[in-house]
Amino acid sequence: MDVAVFILVVLAFVALSGALVRLVRVPLPVLQIAIGAALAWPARGLHVEIDPELFLLVFIPPLLFGDAFAAPKRELIELRGPILDLAIGLVFFTIVGFGYALHWLVPSIPLVVAFALAAVLSPTDAVAVSSIVDRNVVPARLMHILEGESLLNDASGLVMFRFATAAALTGSFSLAAASLTFLYAVAAGILAGVAALIIAAKALQILGRIGGTPAEAQVLVMILLPFVSYLIAEHVGASGILAAVTAGLLTGTSGIFRFLSVSARIQAMSLWSTLAFIFNGALFILLGLQLPDIIRKVPPELTSRHWLFEPALTVLLLTLCLIGLRFLWIWIGDIAAGIAARLGKREAEPFGFRARLAGSVAGVRGAITLAGILSLPLALQDGSAFPARDVVIFLAAGVIICSLIIASLALPRIARGLVEPGEDPGAAEERRARVGAANAAIAKIERLAGEGEEGEVAEARLAVADSIVAGYRRRIAASDEAEEARTEAREAGRLELELRRAGIEAERTAVRAMFRSREINDHTMRALLSEITLTEALLKTRRDRK
């Protein structure tokens, strides 16, 4: 019962945070962490012990799968060079640079443990990045690089974290063995994601052959896909995170959706967006719930005369060190890309100083860092306590919060003016695609309308075709290059939507009136209201796109 009440309380505050974020005007992850900390701060407040393995299994696969599914695949492929440079090269650069800096700043932390903390701090949080970074103020190319990096560097960072932890436990480290294990974790993780996708496709095919299979069963297969990919990879000692990301990246292009019914597709999209909001919110609230206990247990190694000032200063310096290392690596990568472009007689696309700084500040840390650092063992193989465990847990939590706060405060100011005013290239591409699709539909309908029977049936066919074609022509007019034509089409569309909304409201009122007068039962009312709601949602989508 206590667990059930705890889950309900967390879900209630996730919903509350969605409303409060509009009032307090801070990024949603920061607000949810603050809510979690406030709930846990009193002595009798909410407290929960996180099992890192369970935490990773429940939260990380679905969230990374959803982010990978939504990521622009074409841009990720085009930018694979800088993405892999950050997702792999920057991870190793961070481990070395930050590890030595931490050992110098806090000598009580052994170097190998400092490397372990650096490894678990190297992954950026895909969820936090997408919540904080505004796509309208950051150049599209930089945003795509940040998305791709945050999807891939979790695997490399956690694999290196395991190596460093093993070295701390055994006192030995083999570069050759670590390299082979890393390559195996990556390759097997990718294969596990592909295998899970094949299993899901076969399951959907079997369900499709069984007549009358409910759409909910098909939706459940899609919901289980990221968890299955993660578990397969972990079972064979590979990267479960990379498996979930691989499954998400390939889902949209694998053709698996052709095995889903129309109803199942609609339900899956709607349910997945709801689950993503719930998992995101619960994840950051749980992160906030850990902070009071971590802060109360400030390690004595970080304090001498001032209980709070010195630990806070240490956390700030370490966070700035991470930002500085990112900036240096992005700058070096920019120079290398420029040299390679000149050698290849291509045009270079360097980032300016502010774009590099924005990319550095946007590298926030989040849930994977906390889950990883909490998985540190309590004792060494000889039974003695794991060295500096409380210190690195405190520092990891502090860097998570500090990186979120710095990004929330500084990024909007740094990024202001980086994007030139004018039409978004993505919006222009979408407009051209709409026109092309509408023209193809018109040609097909007009060809079909001219075929077949004669007489009254042919006249009816032409009348229906004219009505449908008129809708497509309005869509083309709304996407016209000429502003005057687009304005006229938008006004006509606005009037049409206004009348359709009025009709929908009248339908809803009539259905409820018939239910109250007992002309229809509640089952019929729900069926009709569901259809009306779906129509209303489609109209809202049309309105938002205008």
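**Packing, aromatic pairs and local geometry**

Cys-402 counts as buried, at 14% relative accessibility; in this scheme buried means under 20% relative accessible area, exposed over 50% and partly exposed in between, with a 1.4 Å probe and protein chains only. The model is predicted, and local features need pLDDT of at least 70, side-chain atom pairs count only at pLDDT 80 or more, while totals for chains, interfaces and linings use all residues. Residues are numbered from 1 along each chain as its sequence is written, and side-chain values use heavy atoms, with hydrogens and water left out.

A second cysteine, Cys-321, is partly exposed, with a relative accessibility of 22%. As for disulfides (a pair of cysteine sulfur atoms within 2.5 Å), the structure holds zero.

Aromatic contacts come next. The structure holds six aromatic pairs, where rings of Phe, Tyr and Trp (its six-membered ring) pair if their centres lie within 6.5 Å, and planes under 30 degrees apart count as stacked, over 60 as edge-to-face and the rest as tilted. One of these joins Phe-92 to Phe-182: the ring centres are 6.0 Å apart and the planes stand at 75°, so the arrangement is edge-to-face. This pair connects distant parts of the chain, with Phe-92 in helix H5 (residues 80-105) and Phe-182 in helix H9 (residues 175-209), 90 residues apart. Helices here (H or I, at least four residues) and strands (E, at least two) are DSSP runs, numbered from the N terminus. Phe-92 is partly exposed at 33% relative accessibility, whereas Phe-182 is buried, its relative accessible area being 11%.

Another edge-to-face pair is formed by Phe-327 and Phe-353, whose ring centres are 5.5 Å apart and whose planes meet at 70°. Here too distant parts of the chain are linked, since the two residues are 26 residues apart, with Phe-327 in helix H13 (residues 309-343) and Phe-353 in helix H14 (residues 353-361). Phe-353 is exposed, with a relative accessible area of 51%. A ring also takes part in a contact with a charge: the charged end of Lys-73 sits over the ring of Phe-69, 5.8 Å from the ring centre. The criterion for such a contact is that NZ of Lys or CZ of Arg is within 6 Å of the ring centre and within 35 degrees of the ring normal.

Helix packing can be followed through H5 and H9 again. Two packed helices are described by the angle between their axes and the distance between the axes. Axes are lines fitted to C-alpha atoms, for helices over the stretch in contact, and angles run from 0 to 180 degrees between N-to-C directions. H9 packs against helix H11 (residues 240-251) at an angle of about 50°, the axes being 7 Å apart. These two helices are therefore oblique to each other, given that angles under 35 degrees count as roughly parallel, over 145 as roughly antiparallel, 65 to 115 as roughly perpendicular and the rest as oblique. The H9 and H11 crossing is right-handed; a crossing is left-handed if the near helix is turned anticlockwise from the far one by less than a right angle, and right-handed if clockwise.

H5 and H6 pack at an angle of about 130°, with 8 Å between their axes, and they too are oblique. H5 passes H6 in a right-handed crossing. The axes of helix H3 (residues 52-70) and helix H12 (residues 262-296) come within 10 Å and cross at roughly 130°. H3 and H12 are likewise oblique to each other, but their crossing is left-handed.

Within helix H6 (residues 111-121) lies Val-120, which is buried at 0% relative accessibility. The C-alpha atoms of Val-120 and Ser-156 are separated by 9.5 Å, with their positions 36 residues apart along the chain. Leu-374 belongs to helix H15 and is buried, with a relative accessible area of 19%. Its C-alpha atom is 9.6 Å from that of Glu-53, although the two residues are 321 residues apart along the chain.

Backbone geometry completes the picture. Most residues other than glycine have a negative phi. Ala-388 has a positive phi of about 60° although it is not a glycine. Ala-388 lies in the loop between helix H15 (367-374) and helix H16 (389-415), and this residue is buried, with a relative accessible area of 16%. Arg-518, also not a glycine, has a positive phi near 65°. Arg-518 is placed in the loop between helix H19 (483-516) and helix H20 (522-545) and is exposed, with a relative accessible area of 77%.
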